[in-house]
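Here is a short tour for anyone meeting this protein for the first time. Have a look at the sequence and the 3D view, then read on.

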Amino acid sequence: MMVVSLALAVSGCSTIGGWFSHGPAKAKPAELVEFKPAASLTEAWKSETGDASAYLFRPQAEGDGVFAAGGSRVTRIALANGSTVWKTDAGVSLSAGAGVGQGLVLAGSIKGELLALDQASGQVRWKVPLSSEVTGQVLVVGDNVIARTGDGRVQGLAVADGSRKWLYTRNLPVLSLRGSGGMAVRDDVLYAGFPGGKLVALNAANGAQLWEATVALPRGATELERVADVMGNPAVDERQVCAVAYQGRVACFDRRNGELLWARDTSSNTGLAMDERNLYVTDDKDAVTAYDKTSGRAGWRQDKLAHRTVTAPLALGAWVVVADGEGYVHVLSSEDGSFVARARVDSGVHSAPADIGPGFAVETIKGNVVAFRLK
């Protein structure tokens, strides 16, 4: 039985909050297997932001800075050594961030405020009210800031002052998972996943819908059984866009028209990642599976992290990186899924590791951003 908690969302529907205990209630996390490290994983630096326990905050790198949000704070961290360049208290509890681009750092609040800070100074450039809690990563595409809210809205705002340029809305099912509804952009096309198993392609400049595809169809007798939400950010390359749904499947579609290329039954409450060869999915049993991204053929499956509340993966060249709810960071071989390296941070990690090139970073629920070098 899966244990969840329910919270009333602003839109009037319910969000299944918290993170999951897979399998039997209070199942004991799998013991960590011993292995001979095949790569060197070292902590480069650690920097404090704000408490990230309630939301899926993920740091973002741009230029010589790493930008992070948590609690009520937005922070710029020096990529070279982890020193704090600036730290701004937003004065509100944050729920989304950090987004970066066009000289801005973006974060959203639980009350529906979207804040734009100056990348260089951390000063607030503008703040605008949106319709409900801001969710997921905020994107900057050209002269548009693109943000989502928990009531099913996606909107484009002007970089200059936050004024609304376009709005896309859709109805949501009665129940949805916190963490659903990610976004990705490529070639000025925005790909957005939704509760109910839908993936939509939008013109990032004006919000016009280009196509809609079905990742998964809701099935079951109860509203909980019918939850089939697209989880995490879609993965995009030059040919296709892929997404995965809870209680559904992983599916890849032609970017031009949304035509289904392949699909495989699986269930994920975290998300996926893609590299030049494979698509990697963390499923709701905390196993990581590699699928050939052209054919959908399942390759390796790493299932030794059961009940450890494993994050969505990060594809990083020869490696696939995940973290878990006990604060362990696991590096897997992209060739066969074997364990390559492991480290531990101060507390659990809920969001996928972030590529900060060189290396990667994780944001812990205690509000620390920890950078690693991998060789």
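In what follows, contact means heavy atoms within 4.5 Å. Keep in mind that you're looking at a predicted model.

## The overall picture

Let's begin with the whole chain. The protein chain has 35 strands and 0 helices. Its radius of gyration is 19 Å, close to the 21 Å that the globule rule gives for 375 residues, so the chain is as compact as a globular protein of that length. Along the principal axes, the C-alpha atoms fill a box of roughly 50 × 50 × 40 Å.

Buried residues account for 58% of the 375 in the chain. If you take contacts between residues at least 6 apart in sequence, 47% of them join residues at least 24 apart. As for the outside, the accessible surface is about 14,900 Å², and carbon and sulfur atoms hold 48% of that. Charges come as 38 positive and 39 negative side chains, with the centres of the two sets 1 Å apart.

## Two nonpolar cores

Which residues have the most contacts inside the largest nonpolar core? They are L41, V329, F360, V362 and F372, in a core of 18 residues. Six elements are listed as giving two or more residues to this core, among them β30 (319-323), β31 (328-333) and β35 (368-374). Take F372: leaving aside neighbours within four places in sequence, its contacts include L41, V329, F360 and V362. F372 also touches T42, E43 and A44.

Another core lies apart from that one. This second core has 17 residues, including V215, A216, A245 and F253.

## A buried threonine

Now for T149, which belongs to strand β13 (residues 144-149). Is T149 buried or exposed? With 4% relative accessibility, T149 counts as buried, because the cut-off for buried is under 20%. Skipping neighbours within four places in sequence, T149 is in contact with L130, S131, S132, E133, V134 and T135.

## Around E225 and Q247

E225 sits in the loop between β20 (209-214) and β21 (230-236). At 40% relative accessibility, E225 counts as partly exposed. Not counting residues up to four places away in sequence, E225 touches R219, G220 and Q247. L175 is 50 residues from E225 in sequence, yet their C-alpha atoms are 9.9 Å apart in space.

Follow that contact to Q247, and you land in the loop between β22 (240-245) and β23 (248-254). Q247 is partly exposed too, with a relative accessible area of 28%. Its backbone is worth a look: Q247 isn't a glycine, but has a positive phi of about 55°.

## Backbone oddities

Most residues other than glycine have a negative phi, and most peptide bonds are trans. Besides Q247, T309 has a positive phi, near 55°, without being a glycine. You'll find T309 in the loop between β28 (298-302) and β29, and at 23% relative accessibility T309 counts as partly exposed.

Where are cis peptide bonds found? One runs from G97 to A98, with omega near -5°, and A98 is in strand β8 (residues 94-101). Another runs from G357 to P358, with omega near 15°. P358 lies in the loop between β33 (354-355) and β34.

Technical notes
Residues are numbered from 1 along each chain as its sequence is written. This is a predicted model: local features need pLDDT of at least 70, side-chain atom pairs count only at pLDDT 80 or more; totals for chains, interfaces and linings use all residues. Side-chain values use heavy atoms; hydrogens and water are left out. Helices (H or I, at least four residues) and strands (E, at least two) are DSSP runs, numbered from the N terminus. The radius of gyration is taken over C-alpha atoms; the globule rule is 2.2 Å times the number of residues to the power 0.38. Buried means under 20% relative accessible area, exposed over 50%, partly exposed in between (1.4 Å probe, protein chains only). Accessible areas come from the Shrake-Rupley method with a 1.4 Å probe; for residues, only the protein chains shown count as cover. Lys and Arg count as positive and Asp and Glu as negative; His and the chain ends are not counted. The place of a charge is taken as NZ of Lys, CZ of Arg, CG of Asp or CD of Glu. A nonpolar core is a set of buried Ala, Val, Leu, Ile, Met, Phe, Trp, Tyr and Cys residues joined through side-chain atoms within 4.5 Å.
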